[in-house]
Amino acid sequence: MLNLKMYINGEWKDSHNKEKRNVVNPANGEVFAQSVEGTVEDAKEAIEAAKAAFNSCVWSELPAEERASYLFKVADKIDENAEELTRFETMDNGKTLREAGFDVADAAACFRYYAGLITKPDGQTYHVSDPVQAMVVREPVGVCGLIVPWNYPLLMSVWKIAPALAAGNTIVFKPSEVTPLTPTKLFEIFEEVELPKGVANMVLGAGPTVGNEIAESHDVDLVSFTGGTQTGKHIMRAATGNVKKISLELGGKSPNIIFADADFETAVDYALFGIYAGAGQVCSSGSRILVEESIYDQFVNRFAERAKQINVGPGNESNSEMGPLVSQEHMEKVLNYIKIGKEEGARLVCGGERITKDGLNKGYFVEPTAFADVKPDMRIVQEEIFGPVVVIQKFKDEKEAIHLSNDTDYGLAGAVFTVDGAKALRVIKKLRAGITWINTYHPTYNEAPWGGYKQSGIGRGLGTYGLDEFQEIKQININLQVEPIGWFSK
Ligand code: NAD
């Protein structure tokens with residue numbers, strides 16, 4: 001049994017109240033680890049450590065090149081430990097080894113990207129009218145609170161931690177209580193590369209206690225959150241006390257628009273990948289497929305036929321193509337949405353059940369599920385299900401496709417499949433979404449900004465934008481004519 005502890009001021013710690021939480025393998029329901037259940041007091045201690053480290057300038061005033069060298073070492077260690085990290089990610093989250101392997105490789109690449117970026121030129125100078133040289137420089141924000149969800153336990157952590165540290169901040173990080181394993185491994189790597197004490201702190205525990213303290217504390221200067229939209233709204237409110245900077249990466253209900261002229265088999269293939277990768281537990285999942293009227297029936301039939309062939313099983317088995325849902329609680333939420341879909345009168349074309357055959361009864365497996373003939377106001381069309389459940393909508397023309405696509409509170413991602421390049425770009429430009437694709441689904445790059453419109457969030461992670469989130473901009477004006485201004489009479 002693994003014992004997962006918090007990492008505060010360079011030390012591994014139990015919580016003040018000594019409570020523990022079971023960590024469960026979603027493929028078989030077995031408890032494989034116990035994690036410390038942090039308290040508000042623990043969060044305060046971690047925040048204090050981060051504040052002291054920031055004030056000591058032990059990190060923020062290191063030359064960028066030296067900060068970068070730590071981050072490069074972290075990337076190398078992730079690569080060295082890739083096999084174990086991949087296996088652990090699968091054990092904790094349920095995703096397949098193939099999916100987890102991509103996440104681990106991306107995590108190393110993300111550290112390298114920000115290690116490289118931080119040593120590149122920044123700042124600007126301005127030609128102004130007075131005999132003044134005006135310029136801006138970038139500085140770290142201070143103590144950054146980073147809160148992440150369970151769907152990419154390692155990668156979502158790294159998307160925040162790498163730019164925050166690159167910029168010279170100190171951090172108080174909280175992984176999801178459901179998936180603390182690979183984040184803990186990442187902090188072991190920080191210890192191995194001898195990151196200065198107090199620079200990176202990790203608290204474990206529940207959102208309403210530990211997470212809320214991070215969001216509320218007046219000693220935290222910024223909170224960067226990835227998770228559900230309702231939690232994001234709570235974080236916004238909690239952050240008002242000291243007018244913290246906030247960035248929010250929230251939920252989605254993203255449209256995947258298939259025109260009749262698209263390459264049919266390619267569109268079907270990406271539509272399956274768009275929703276069932278990660279068992280649909282991906283914020284940018286293409287959870288609403290919109291198909292042009294003339295190919296609607298053909299598309300629904302072919303999609304259902306292919307979905308039924310997906311091999312669902314434990315993530316650590318080489319022939320599994322889709323793993324379980326992350327927890328029993330989440331599986332029940334997803335199954336309840338399937339029930340709602342049936343009650344709302346949508347036509348179930350594949351899936352719809354928990355899988356209990358072939359020894360899968362102890363895990364949290366749900367069939368790849370699709371509903372056709374849905375109406376725009378159905379809950380299964382409007383709400384984020386965050387599981388292997390897709391709705392397939394019909395549209396008449398370009399105008400209706402755009403209207404239906406934008407007809408939810410979310411605006412995270414979206415895709416268009418067509419061979420008409422001008423049409424593709426016309427439609428994409430009308431989508432109220434931050435991440436879009438043409439004739440593909442899901443590719444994500446460390447170099448390119450990530451984030452949503454509307455209730456899918458505020459701000460952008462990754463790329464240069466992701467570094468901006470963790471930097472203050474300071475204006476500096478230097479008088480080049482040092483003599484009295486003579487504004488007031490003597
Ligand atoms: P969640 O909102 O329940 O939890 C996310 C994190 O917030 C966890 O660490 C949790 O402990 C913490 N938390 C919960 N309540 C809190 C509170 N009151 N105060 C402070 N922290 C609190 O989300 P989840 O179920 O872990 O993850 C799924 C959600 O994440 C989905 O909605 C998904 O779309 C979203 N997500 C978004 C992105 C993105 O980039 N936009 C990426 C991944 C996941």
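**Close-up views of a predicted model**

**View 1. A hairpin and its parallel neighbour.** Strands β4 (residues 20–25) and β5 run antiparallel and are joined by six bridges. Keep in mind while looking that this is a predicted model. Between the two strands of the β4 and β5 hairpin sit four residues, and here Gly-29 takes a positive phi near 75 degrees. Look along β5 and you'll find Ala-33, which has Val-23 standing opposite. Leu-2 also stands opposite Ala-33 in β5. That second pairing belongs to strand β1 (residues 2–4), which lines up with β5 (residues 30–36) in the parallel sense over three bridges. As background, strands of a sheet pair through backbone hydrogen bonds, in either a parallel or an antiparallel way.

**View 2. A three-stranded open sheet.** Here the strands come in the order β6-β7-β21, and their pairing is antiparallel. At the edges are β6 (124–127) and β21 (471–479), each of which pairs on one side only. Going from one strand to the next, the twist averages 25 degrees. Now zoom in on β7 (residues 132–140) and β21: nine bridges join this antiparallel pair. A handy spot to find your place is Ala-134, which stands opposite Asn-477 in β21. If you're following the side chains, remember that in a regular strand they alternate between the two faces of the sheet.

**View 3. Asn-169, tucked into a loop.** Is Asn-169 buried or exposed? Its relative accessibility is 0%, so Asn-169 counts as buried. You'll find Asn-169 in the loop between α5 (153–166) and β9 (170–174). Which backbone oxygens does its side chain reach? One is the backbone oxygen of Ala-164, 2.9 Å from a polar atom of the Asn-169 side chain. Another is the backbone oxygen of Phe-470, which the side chain of Asn-169 reaches at 3.0 Å. Setting aside neighbours within four places in sequence, Asn-169 is in contact with a whole group of residues, including Phe-54, Trp-59, Pro-140, Val-141, Gly-142, Cys-144 and Val-199.

**View 4. The largest nonpolar core, with Phe-303 in the picture.** This core has 141 residues, and those with the most contacts inside it are Phe-111, Tyr-276, Phe-303 and Ile-380. Its largest share, ten residues, comes from α5. Domain 1 (2–250 + 456–476) and domain 2 (255–438) each supply at least three residues to this core. Leaving out residues up to four places away in sequence, Phe-303 touches Val-268, Ala-271, Leu-272, Ile-275, Tyr-276, Ile-289, Ala-370, Val-390 and Ile-392. There's also a second, separate core of twelve residues, and among them are Phe-395, Ala-401, Ile-402 and Val-416.

**View 5. Ser-217, in another loop.** Where does Ser-217 sit? Its place is in the loop between α7 (207–216) and β11 (222–226). With a relative accessible area of 9%, Ser-217 falls under the 20% cut-off, so Ser-217 is buried. Not counting residues up to four places away in sequence, Ser-217 touches Ile-47, Asn-242 and Lys-244. For a sense of distance, try finding Val-268 as well: Ser-217 and Val-268 are 51 residues apart along the chain, and their C-alpha atoms are separated by 48 Å. Val-268 may ring a bell from the previous view, as one of the residues that Phe-303 touches.

Definitions and conventions
Residues numbered from 1 in each chain as written. Predicted model: local features only at pLDDT ≥ 70, side-chain atom pairs only at ≥ 80, totals over all residues. Heavy atoms only, no water. Pairing = 2+ DSSP bridges. Axes fitted to C-alpha atoms, helices over the stretch in contact; angles between N-to-C directions. Buried < 20%, exposed > 50% of the residue type's maximum accessible area, 1.4 Å probe, protein only. Polar contact = N/O pair within 3.5 Å; in protein donor to acceptor, adjacent residues only side chain to side chain. Contact = heavy atoms within 4.5 Å. Core = buried A, V, L, I, M, F, W, Y, C linked by side-chain atoms within 4.5 Å. Domains from an automatic or database assignment.
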